[in-house]
Protein chains: 2
Amino acid sequence: MELSERKKKILRAVVESYIQTAEPVGSKALMELAGLKVSSATIRNELADLTERGYLEQPHTSAGRVPSPKGYRLYVNELMEEQRLSLEETRQINDALHLKMQELDKVIDQAGRMVSQLTNYPAFSLTEGARRLTIKRFDLILVDSASFIAVVMTDSSVVKNKLFRLPAELSEPQLQLLTTLLNTAFVGKTLDQLTPELMRVAEHAAGSSYGLISLVVSFAMEVLDELESSAVYTAGASHILDHPEYQDLGKAQALMSYLSEDKALAQALALPALDGDDTKILIGPENVAEELKDTSVVLASYDIGDGMKGVIGVVGPTRMDYAKVAAKLSYVADGLSKLFGQPELPPGTPEKEE
Amino acid sequence: MELSERKKKILRAVVESYIQTAEPVGSKALMELAGLKVSSATIRNELADLTERGYLEQPHTSAGRVPSPKGYRLYVNELMEEQRLSLEETRQINDALHLKMQELDKVIDQAGRMVSQLTNYPAFSLTEGARRLTIKRFDLILVDSASFIAVVMTDSSVVKNKLFRLPAELSEPQLQLLTTLLNTAFVGKTLDQLTPELMRVAEHAAGSSYGLISLVVSFAMEVLDELESSAVYTAGASHILDHPEYQDLGKAQALMSYLSEDKALAQALALPALDGDDTKILIGPENVAEELKDTSVVLASYDIGDGMKGVIGVVGPTRMDYAKVAAKLSYVADGLSKLFGQPELPPGTPEKEE
DNA sequence: TTTAGCACTCAGAAAGGCCGAGTGCTAAAT
DNA sequence: ATTTAGCACTCGGCCTTTCTGAGTGCTAAA
C-alpha cells in the first residue's frame, strides 16, 4: 500500500535531517522539519507506523528514528529532489577536467581524486571493456642491447608501454623484424580476436627453433594481460574517518583495506554498473559484496568510445547525501564521456542532415 | 659522557619491549628483559638516570618508561642489531620484483605496495632527477584527424605518453614533419638543456605565422612538466589504523591526509634522502615537516641510472620496528637498483681489467 | 653500590546515579 | 476517525566516585 502524503513528508524529513546531523530524529523536531501543522503526538503515531513498515529504525527504545535501508531506498526513488550544481561547482569540474589532457589512466585517476575531494567520500574509478579495443600500432624501441620498450597503441587514445628484458642480445635489425611481425599479425584486430590468434601462433612456434616468434607471443600475451586488467584507482580513503559512523576503528579499517583491494572492488562494482545507464545508487545491503553491506555506493558510468566504458563512484555510510553526490558524480561522468567522445565528433562537424 | 654498558642494555631492553607491546616498561619487567642479575631497585636507579639524561620518558609519574626520540636515536645508531631477512622473505621480494617488468612508474608503484604489505606500515615511493635524463626519441601517432599521441622515450627505460587534441586538423605528412622537427631538435639533449632551448625556439616562433613550431614548443613544455613532476605513490594507508598510537582518530586523519598530499610528501622526503647513501631513519621531531613530528620515517634510496634516483620508504609511529623495516626496505631498494642498473652491466660483462 | 622495604601517585576500570530526550499509551477533544 | 494533551516509563550517555594495582622515589641497612 502506498504511503500517505503525510507519511512521505515525514520520512523525507527524517532522512534529510539524519543525513545532516547523523543523530536520530525525534517527533518534536519533526514538527518543524516536516513542515506539518500537527502535534508531536500525531507524528509519533505516524513514526510508529513507518517503523512497523520497515522504513525507519530505532537504535533503542528511547531514541528517535533513523532511516532503514528500505527508507533510504524510497527516499532515493521517490522523495529526493534532484540537486543542481552551482555554477561555481560546474566551472570547477570543467576546469579540472580540461586542464590536463593526458594518458587515459591519468585522466581516470584524476577524475577519481576530484570526485573524492568534491564529495568528501572515498572515490574510485575504473575502466573496462578494453578487450574490444582495436590495436592500431606496435612500436619497439631498443633501450640497450638486452632490453627494449614496447609501445602499443589502440583506438580511443589508449597507449600502453612496457619494458622487456631479454636473456639474449637483440640487434636493431632483429627488432625491426619483430616490429613488422607484430604489426602485420595483429594490427586492426581487437584484443578479443587476439587470444585465439596467439594460440595458433604459439602452436606453430613450438616446433620452430627460432626464438623470436615465441618472444612475440609472450609479449603480446603480456600486453593483453596488462590491458585487460582494468586498473582501479581509489582516492581519498582518509575521508572515511570524517564520518561519525566510522568512529569505530574496526569498521574504518575493514572498509579501508577493502577499498585497497583493487580486484575485489572491480568485481563488485563492474557488475551493477553495466545495466543502469545513468547514476546508480546501492544502499547498504543492496551491495553484493559482504564488506559493503552497511555502506552505500553511488556509481556513474561514462563512455570512452569503441565499446569501452568506465565507472566512477564513491563509497560512504548509508547516511550519505545521495542527491548531492549523485549530481556531482553524474556531472563528472558526463564530462568524461564528452572528453573521450569528442574526437569522433569534432566541434562544428555538421550532423547527418542539414 | 658515554653510557655505561649496563645502561645501554637497559635502554635497549626498554626500546625493544616497547616496540613490541606499545606499553610503558617497568623496572620489574626489565629484570628479565635486560638479562641483568640485579634487583628492580637498581634498575629503577638506572632508569631514573636515563630519564634525566633524556633517553627515556614517563607518560605519568606512576607509569613505566617509554623511549624518547633521543632514546630511539641511540638505539638505532648503536644498539640495534642488524636484522637479516629470512630466505622466505627475500624470495618473496625477488619474485614480486622480477615478476612483472613494466613501465617505470608501475614498478615504483608496485614496490611501494609491496613494502607496505611487508612492513604493515603505509609506504611511499617516488623518483627524482628526471631532469638529467637524455631524450632518446619522439614518436607521434595520429589518433584521428584532430588528435595525436606523443610518446617520448628517454634513457633508463622511461617512457611517457600524452594525448594531444588540436584546434585544427592535422594531416599525416604534417605530423611526420613535426616528428622530424622534434627529433632533430631535441634528441640527445637532457631535459635540463631543453628548457633554454625551448625558450630560443619560442622566441623565433613568435614572429613566425606557422603554428606548427609553437605547437612543438608547447608540446615539449608539457612533456617536461610531466616528466619533472616526480610522481609519488603511496600505499597501505589503512595500516595506520593497525597501530595503537593512532587510536586517536584526529591523529590518524591528519597523518592520512598528509600522506595523500603528494607534493608535500615529495618535498619533505626528497631532501633528507639525498645525502645519506643507504637507509636513513628519521625519528619523530627529526622530521622537518610539522605533520611528521611525532612520526618516524625510514627511507632507502635506489638508483635508476643516468643520475636519476628514487626513494622508497615507510611512515609509522616512532615506536617502529626499525631493524626489521630498515632491512626490508634496503633489500627492496637494492633490488630496484639492480633491476634498473642491469642493462648497463649485463651479466657476464667483464669488468675493466681482466 | 646494591638491595629490601615502604609510602605514595595516578591512570584506568568498575559502579552508581542522574539527566533528559524521546517513546507509547490512554483518555479527552475535535 | 483523527488528533491532541498528558503522563509514566525507558534507557543511552555523562558525570562522579571509588577502587585497584602497577610502578615509582626514597631511605636505611647490607
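Student: How do α1 and α3 of chain B cross, and at roughly what angle?
Tutor: In this predicted model, helix α1 (residues 5–21) of chain B and α3(B) cross at roughly 85°, and their axes come within 10 Å. Axes are lines fitted to C-alpha atoms, for helices over the stretch in contact, and angles run from 0 to 180 degrees between N-to-C directions. Helices (H or I, at least four residues) and strands (E, at least two) are DSSP runs, numbered from the N terminus.

Student: Are α1(B) and α3(B) then roughly parallel or roughly perpendicular?
Tutor: The two helices, α1(B) and α3(B), are therefore roughly perpendicular to each other. Angles under 35 degrees count as roughly parallel, over 145 as roughly antiparallel, 65 to 115 as roughly perpendicular and the rest as oblique.

Student: Which residues of α1(B) and α3(B) meet?
Tutor: From α1(B) come B:Arg6, B:Lys7, B:Ile10 and B:Leu11, which meet B:Ile43, B:Glu46, B:Leu47, B:Asp49 and B:Leu50 of α3(B). Two residues are in contact if their C-beta atoms, placed from the backbone, lie within 7 Å.

Student: What classes are in that contact of α1(B) with α3(B)?
Tutor: There are five nonpolar, no polar and four charged residues. Ala, Val, Leu, Ile, Met, Phe, Trp, Tyr, Cys and Pro count as nonpolar, Asp, Glu, Lys and Arg as charged, and the others, Gly among them, as polar.

Student: How are residues and chains labelled, and what pLDDT is needed?
Tutor: Residues are numbered from 1 along each chain as its sequence is written, while chains are lettered from A and ligands numbered from 1 in the order in which they are written. As this is a predicted model, local features need pLDDT of at least 70 and side-chain atom pairs count only at pLDDT 80 or more, but totals for chains, interfaces and linings use all residues.

Student: Moving to the DNA, which residues come nearest to strand C?
Tutor: A:Gly26, A:Ser27, B:Val38, B:Thr42 and B:Ser62 come nearest, out of 20 residues around DNA strand C. A residue is near a strand if its C-beta atom, placed from the backbone, lies within 6 Å of it.

Student: Which helix gives the largest share of that surface near strand C?
Tutor: That is α3(A), with four residues. The whole surface near DNA strand C has seven nonpolar, ten polar and three charged residues.

Student: And which residues come nearest to strand D?
Tutor: Around DNA strand D, A:Val38, A:Thr42, A:Ser62, B:Gly26 and B:Ser27 come nearest. Here α3(B) gives the most, with four residues.

Student: How many helices and strands are in chain A?
Tutor: Chain A has twelve helices and ten strands.
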